[in-house]
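Got your viewer ready? Load the model and keep the selection box handy; we'll go stop by stop.

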Amino acid sequence: MDNKSYLVQMNGNGVHGKTTVNAKSLNGSGVNGKAVHGNGIHHVSVNGSLYPAKTKSRRQRWEVKPSEMANNTLNPIRAIVDGMKLTPNPDKPMIALSIGDPTVFGNLPTDDAVRQAIINAVDSQKYNGYAPSVGYLKSRQAVANFYSCPEAPLEAEDVILTSGCSQAIDLAISVLCNPGDNILVPCPGFSLYKTLAVSMGIEVKLYNLLPEKSWEIDLKHMESLIDERTSCLIVTNPSNPCGSVFTKEHLQKILQVASKHCVPILADEIYSDMIFPGCSSPSVASLSGDVPVLSCGGLAKRWLVPGWRMGWILIHDRNDIFGSEIRKGLVKLSQRILGACSIVQGALESILNNTPQSFFNSTISFLKSNSQICFSELSTVPGLNPIMPSGAMYLMVGIKMDHFPDFKNDVDFTERMVTEQSVFCLPATAFEYPNYFRIVVTVPEEMMVEACARIREFCQRYYRPRSCDSNDLDQ
């Protein structure tokens, strides 16, 4: 008999598909256990010997290189901050207004009900194993119940649980976009959108936000960027880094543009409901008549537990535009890693149902108070233009750079502020929006007051009035 090679594809404990192999041809005793390769492929010959189906030439030397995806992955914030010379003034304690983590100073703990839910989940011993890649059904139903409303109803099948909101955004971009497509991203905006898209060969088109209109979208500019390869419009509301909150009317105008051009929306709503009293903003999906929406959210910010890595995608597709294919795609993508922490999933229903409203109210009250302190203090600082936020945890401050000739740009300005005043604000070049800096308003109140006083001192030292022949006499 000829010495021929057969491929047997194994799947778990059985043979994949309808492939059949004559047992007698396998030397009488079946497949030798030593013939299993790591990829699940068996190379078996009729006389029992094992050899490759095709001989490949060997490499002559080591040459291991990072992938194109790795080389194309860049976090703009890290790239800028790592390049800065951050040496604080040793005579002044450091105040970091740059970190978007509400837990770092210890003044904003999560609620006791949230902690107890985790303790109960651990003690139950029910959540130590692997969960389904899309999350436990009970946990998904809890999220659906929490966010469902008559205008945008949800069921468990409309929820994908993820490892934080960042993974939710990653899955949403991955399922909607192919290499060569483009997505529309706010400017200034959260840098992760570009980090993920560029690594996947997706073009990023930045649409402008308007600081003079409390960071509303420049709708004409946004619409001008849309073409046949535009696969996704990202809407961040409330905004990181701006702290802006879109009105119902503005969201409706955004939806009109998306509907006109048949572009689905990825709604980053991680700060949903973190809106200051006196403002309101419905979810994008609750206003949509026909535009399909993937809404990304999570526990991180509203429940003050970013390290717990619990996020979700809410699939809003009442007109069946996504159909089954997008849903199947999200399930497949979720299987690349086993998703969200099973312990937190086990606690999720209790967290959503038992966290008292007083906890949320207290957090929002603190954030608004700190924002008002910061805005009030910096509004009277020569050369600065703070913009009062309406939600989230951030405030953007414009720098009138022509009043500060000692500095080249916002990066230089904020770097020197660390050196002299030990106050670190993130330069908005990290958000591709130069001549601004972002302040995180989660620090304790006394630190916010002290930081503003130091920023004032710094600006007063370097501020220079415009020359008398200037045409712009606003100072």
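Before the clicking starts, one term: buried means under 20% relative accessible area, exposed over 50%, and partly exposed in between, with a 1.4 Å probe and protein chains only. You're looking at a predicted model, where local features need pLDDT of at least 70 and side-chain atom pairs count only at pLDDT 80 or more, while totals for chains, interfaces and linings use all residues. Residues are numbered from 1 along each chain as its sequence is written, and side-chain values use heavy atoms, with hydrogens and water left out.

**Stop 1: salt bridges**

Here a salt bridge is a side-chain nitrogen of Lys or Arg within 4 Å of a carboxyl oxygen of Asp or Glu. The structure has 16 of them.

Select R302 and D273: their closest N and O atoms are 3.5 Å apart, forming a salt bridge. R302 sits in the loop between β11 (293-298) and β12 (311-316), and D273 in the loop between β10 (265-268) and α9 (284-287), so the pair ties together parts 29 residues apart in sequence. (Helices, H or I with at least four residues, and strands, E with at least two, are DSSP runs numbered from the N terminus.) Which end is buried? R302 is, at 11% relative accessible area, whereas D273 is partly exposed at 42%.

Next, pick K138 and E349, another salt bridge, with the closest N and O atoms 3.5 Å apart. This pair links distant parts of the chain: K138 is in helix α4 (residues 137-147) and E349 in helix α11 (residues 342-354), 211 residues apart. K138 is exposed at 55%; E349 is partly exposed at 31%.

Now go to D406 and R464, a salt bridge whose closest N and O atoms are 3.9 Å apart. D406 is in the loop between β14 (394-399) and α13 (410-421), while R464 is in the segment after α14 (445-462), 58 residues away in the chain. D406 is partly exposed at 37%, and R464 is partly exposed too, at 35%.

Before moving on, select R416, E420 and R461, which are linked in a network of salt bridges.

**Stop 2: D268**

Jump to D268 in strand β10. What is the nearest side chain of opposite charge to D268? K301, 8.5 Å away; D268 is buried yet has no salt bridge. (Lys and Arg count as positive, Asp and Glu as negative; His and the chain ends are not counted.)

Show Y193 as well: a polar contact of 2.5 Å joins its side chain to that of D268. A polar contact is a pair of N or O atoms within 3.5 Å; within protein, one must be able to donate a hydrogen and the other to accept it, and residues adjacent in sequence count only if both atoms are side-chain atoms. The D268 side chain also reaches the backbone nitrogen of I270 at 3.4 Å.

**Stop 3: the cores**

A nonpolar core is a set of buried Ala, Val, Leu, Ile, Met, Phe, Trp, Tyr and Cys residues joined through side-chain atoms within 4.5 Å. The largest one has 72 residues, and those with the most contacts inside it are I173, I183, L384, F413 and I439. A second, separate core of 42 residues includes I77, L233, V235 and L426.

**Last stop: cysteines**

How many disulfides does the structure hold? Zero, taking a disulfide as a pair of cysteine sulfur atoms within 2.5 Å. Select C374, which is in no disulfide; its nearest cysteine sulfur, that of C452, is 4.2 Å away. C374 is buried at 0%, whereas C341 is partly exposed at 35%.
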